Amino acid sequence: MTQTFTPGAIFRQLIKKNNTKKPTQIVGTINAYTALQAEQAGHQALYLSGAGVSNASYGLPDLGMTSREDVLIDVRRITAKTNLPLLVDIDTGWGSSLNIHRTIQDMIRAGAAGVHIEDQVTEKRCGHRPNKKIVSAQEMQARIKAAVDARYDASFVIMARTDAFSNEGLSGAIDRANLYIESGADMLFPEAMHTLSQYKTFCTAVSVPVLANLTEFGSTPLFYLNELASTGISMALYPLTAFRAMSLASQKTYSTIFNTGSQTSLLSSLQKREDLYKTLNYTTDEAIMDQYLHIL
């Protein structure tokens, strides 16, 4: 009998296989097309950022203004086009324990491998912005417990993100992390740390895999993978790198067309039609369509 692996099981096995000797790279995608590009580049795990959904899909800042269904739309589109495990940012879970319960079950049905839920207040903000406020450790434990109890697929990953480092320091973040593990968190995401030694201390103090968020222009330096490996980090996250590159490219493109009246000077920096077709496996689908044309 062929064994079927769920997205969560695939994600867990990937982290276990790579372990801390080579942290698993998890790259951010904002839509199904960039998910295909990441897969074809060789990546093995994907990420959907709450900021990515807010910024790219809705043109909004990352201030908790998008809903569960807003995020699920993008989750479904991505998981429909790739079998790579997808980790999803669910912010604070969108409300009460009942809302968290529904969120987890909806994410499993949508094909996600796991989620991370954070300990900020409901009026949350980007983890690399000032004036973050966090809930009590007990309230966050209740969020995690609700998430764990809701999953009907035991392999689905519940990752706890803590923003406590900015408010309570390293020892506070570690204390919270261990409480979150007691409540059932499978993995940890300490946000906005500054040094390799802080990551090493954190990883040594906890018993589950730890993720480092390498978002650009934030509080955390852009450490290389081998540097993170030396600290015990299991996962390296690049949440919006491709989106930032795309955004700058499109900004320059629109300005050039407006200012020069032509896109001619941009041709060398544009993706060629053949490369688009290759990414989408266009000719295969076109051939399927063609074989039925004689019926019409």
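**Bends, crossings and positive phi angles**

Mentor: Let's start just past helix α7, which is followed by Gly-184, a residue with a positive phi near 115 degrees. Helices here are DSSP runs of H or I with at least four residues, strands are runs of E with at least two, and both are numbered from the N terminus. This is a predicted model, in which local features need pLDDT of at least 70 and side-chain atom pairs pLDDT 80 or more, while totals for chains, interfaces and linings use all residues. Residues are numbered from 1 along each chain as its sequence is written, and side-chain values use heavy atoms, without hydrogens and water.

Trainee: How do you know that α7 falls short of a straight helix?

Mentor: Helix α7 (residues 164-182) has 19 residues, yet its end C-alpha atoms are only 17 Å apart, against the 27 Å expected of a straight helix (1.5 Å times one less than the number of residues).

Trainee: Where does α7 bend, and by how much?

Mentor: At Leu-170, by about 100 degrees, taken as the angle between axes fitted to the seven residues ending there and the seven starting there.

Trainee: Which residues of α7 are buried, and what covers them?

Mentor: Among them are Phe-165, Arg-176 and Tyr-180 (buried is under 20% relative accessible area, exposed over 50%, partly exposed in between, with a 1.4 Å probe and protein chains only). Their cover includes α6, β5, β6 and α8, with contact meaning heavy atoms within 4.5 Å.

Trainee: Why are α3 and α4 called roughly perpendicular?

Mentor: Helix α3 (residues 50-58) and helix α4 (residues 68-79) pack at about 85 degrees, with axes 10 Å apart. Under 35 degrees is roughly parallel, over 145 roughly antiparallel, 65 to 115 roughly perpendicular and the rest oblique, so this pair counts as roughly perpendicular. Axes are lines fitted to C-alpha atoms, for helices over the stretch in contact, and angles run from 0 to 180 degrees between N-to-C directions. Val-53, Ser-57 and Tyr-58 of α3 meet Asp-70, Val-71, Ile-73 and Asp-74 of α4.

Trainee: What makes Asp-91 notable in its phi?

Mentor: Its phi is positive, near 50 degrees, in a residue other than glycine. Most residues other than glycine have a negative phi. Asp-91 lies in the loop between β3 (86-89) and α5 (97-109). Trp-94, in the loop between β3 and α5, has a positive phi near 65 degrees.

Trainee: Why does Trp-94 count as buried or exposed?

Mentor: Trp-94 has 18% relative accessibility, so it counts as buried. Asp-91, at 6%, is buried too.
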